[in-house]
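Colleague: I would like a close look at one part of this model, namely the aromatic pairs. Please take them one by one and say where the partners sit.

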Amino acid sequence: MLENAIKQFWSLLPFDQAQFTLGLVFVLFLLLALSSLSPDVVLLLGVVVLLVLGVVTPADALAGFSNEGMITVGVLFVIGAGVRQTGGVDWIATRLFGRPKSVVGAVTRLVVPTMTLSAFMNNTPLVAMLIPAVNDYARASRIAASKLMIPLSYAAILGGTCTLIGTSTNLVVQGMVVKEAARQSERIKNGEEIPARARVRPLTMFDISWIGVPAALVGGTYLILAARYLLPDRRPALSTQDDPKEYTVEMQVEPESPLVGKTIEDAGLRHLPGLFLAEIDRGGNAIPAVSPREVLRAGDRLLFVGVVESIVELQRIRGLVPATDDVFQLKAPRPQRVLIEAVVSNTCPLVGQTIRESRFRTHYNAVVVAVARNGERLHQKIGDVVLHPGDVLLVEGHPSFADQNRGSRDFFLVSKIDESSPPRHELALLAVGLLLMMVVLASLGVTSMLIAAVVTAGLMLATRCVSLETARNSIDWEVLLAIAASFALGTALEKTGAARQIAESAIAISGGNAWVSLAIIYLITLIVTELITNNAAAALMFPFAMATAARLDVSYLPFVIAVMMAASAGFATPIGYQTNLMVYGPGGYRFSDYLKIGVPLDLLIMAVTVALAPLVFPF
């Protein structure tokens, strides 16, 4: 009965399902561009409308949730959390990015290695791996993450166009080329004559490099120059420099620390925002006004003053530990602990005593690692600080400390700090090794990306590189829901024939000119990529590219290369490529940010491809 009602509804409308789907997609794009709704809400709303009106079936609407690509991205979040929790991210970021002093320098150091790596590994796991590293990199460089996240995604996409294995889109097109070559071989065996220029051969590893490398160089240069001006500078409403709480914390250089022998500058202890190294205690002798060229020694006790975010980052530096033995006497292993802020109340029994005298660890099974007092700068060691009502203590302990003391008369306020567990540095190389194993397995075709990712995530959980709780919390469900919904929208565009109608109409206006036809094939593939997904766009446009070349009696290669480039190089929307969606949240972006920097880049890559493809692979 419902099906009959839906059919009657469509019969009364002056437009068909294809036109309706195109109109709905246009409305969704307006909502993404002009409203504050998150992409997953907007896209899921569109899927619900299509489902209710019978444009897609329940199976079509839910297919995206079982899509291998979407599940792979979810598993990659867990792997990224494992690399971060072990401190492997810090190791990667230090070696890849260095310590730039400007936005241009930061984007340059980000874009160049990302493009290089992406040419030889799948760009989705690369971006998943680097997002936490870039977040830390942005914080350490005092640059807004919004200046770096889109360049990360775009550089990975550009690098992926440089080789056949750089992106799954290239492999999808290669698969269709191989099938076409097999069909031709059968036709030739049956005695059919096929002109030499029309004979299809599988692409080699570096065929696309003749176009992809120049496009990557042009696109990378554009990103380096444009990111500073076209990307927003979005920081939290309360930045680290504006934080009214200024903690005093004492850290000690361990005997086997990699910091031993390094200067303060080289150790990265001058680059954390809102942090000041007030003094070094070396064997009982105080060194005030510390020079950045001061060389660190084993056993040095460093007195820092700074905001909580930088104190958390200090805890992550390998070879630097809180300068109190109590930290190592707690029952819970360090990786299971977190940092917790607790405000001392006037009824706390420890008021008036020093932290050392109060035996804080015995009372609360937690250790005070830093103290903030109403903007006052404390110069004594943590153990010598006398507790006052209103003091804000930064406490290291088991997460249960927060639950047990939230209603206690001893503290006015107790709150846990997210992502503050000390990293398991001893497992950093193992985590990075597992990550590289996944990349090698997937890149060499030993197994699928999904299986490689699932095995890697399982090994990270088994070896405790990442805890089960952290793994659960690391998954960005908004990104996964948006990716799943975009697959359903793509199915609707294909199923109703909307995408095919646009492609056929556009090709018809070329007037038989090979250059114009090539430009139109590229442009339509690009539009379809921005509307649905890269792989779907490649699969949809490949037949049109081959048919156009045959109709014009020219070589198919420029058209196939154009489809590969356009289907990969979707920069103008967050749903054009899944890495764009992955950086949407971490960069704090709006839909319009992608349009502003992505449309010029789309046109640049199109110009390079359309100009070079017929020169490298003549018509």
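Modeller: What follows goes through the aromatic pairs, then two other residues and the confidence of the model.

This is a predicted model, and the protein chain averages a pLDDT of 80, with 88% of the residues scoring at least 70. A pair of aromatic rings is described by the distance of the centres and the angle of the planes.

The structure holds nine aromatic pairs. In one of them, the ring centres of Tyr 154 and Phe 571 are 4.8 Å apart and the planes stand at 65 degrees; an angle over 60 counts as edge-to-face, so this pair is edge-to-face. Tyr 154 belongs to helix α9 (residues 149–160), while Phe 571 is in the loop between α23 (557–568) and α24 (578–582). The two are 417 residues apart, and the pair links distant parts of the chain. Both Tyr 154 and Phe 571 are buried.

Trp 515 and Phe 619 make another edge-to-face pair, with 5.6 Å centre to centre and 85 degrees between the planes. Trp 515 lies in helix α21 (residues 514–531) and Phe 619 in the segment after α25 (591–616), so this pair ties together parts that are 104 residues apart in sequence. Trp 515 is partly exposed, with a relative accessible area of 41%. Phe 619 is also partly exposed, at 24%. Elsewhere, one aromatic cluster is formed by Phe 360, Tyr 364, Phe 401 and Phe 411.

Two residues outside these pairs are described next. Thr 163 is in the loop between α9 and α10 (168–189). Its relative accessibility is 2%, and buried means under 20%, so Thr 163 counts as buried. A polar atom of the Thr 163 side chain lies 2.3 Å from the backbone oxygen of Ala 119. Beyond its neighbours within four places in sequence, Thr 163 has contacts that include Phe 120, Asn 170, Met 205 and Phe 206.

Asn 135 is found in helix α8 (residues 123–141) and is partly exposed, with a relative accessible area of 25%. Leaving aside neighbours within four places in sequence, Asn 135 is in contact with Ala 145, Met 149 and Pro 586. Between Asn 135 and Gly 587 the C-alpha to C-alpha distance is 8.7 Å, although they are 452 residues apart in sequence.

One stretch calls for caution. Over residues 237–242 pLDDT stays under 50, and the model has eight contacts beyond four places in sequence for them. Where pLDDT is low, the predicted coordinates should not be read in detail.

Conventions: Residues are numbered from 1 along each chain as its sequence is written. Side-chain values use heavy atoms; hydrogens and water are left out. Helices (H or I, at least four residues) and strands (E, at least two) are DSSP runs, numbered from the N terminus. Buried means under 20% relative accessible area, exposed over 50%, partly exposed in between (1.4 Å probe, protein chains only). Contact means heavy atoms within 4.5 Å. Rings of Phe, Tyr and Trp (its six-membered ring) pair if their centres lie within 6.5 Å; planes under 30 degrees apart count as stacked, over 60 as edge-to-face and the rest as tilted. pLDDT is the predictor's confidence in each residue, from 0 to 100. A polar contact is a pair of N or O atoms within 3.5 Å; within protein, one must be able to donate a hydrogen and the other to accept it, and residues adjacent in sequence count only if both atoms are side-chain atoms.
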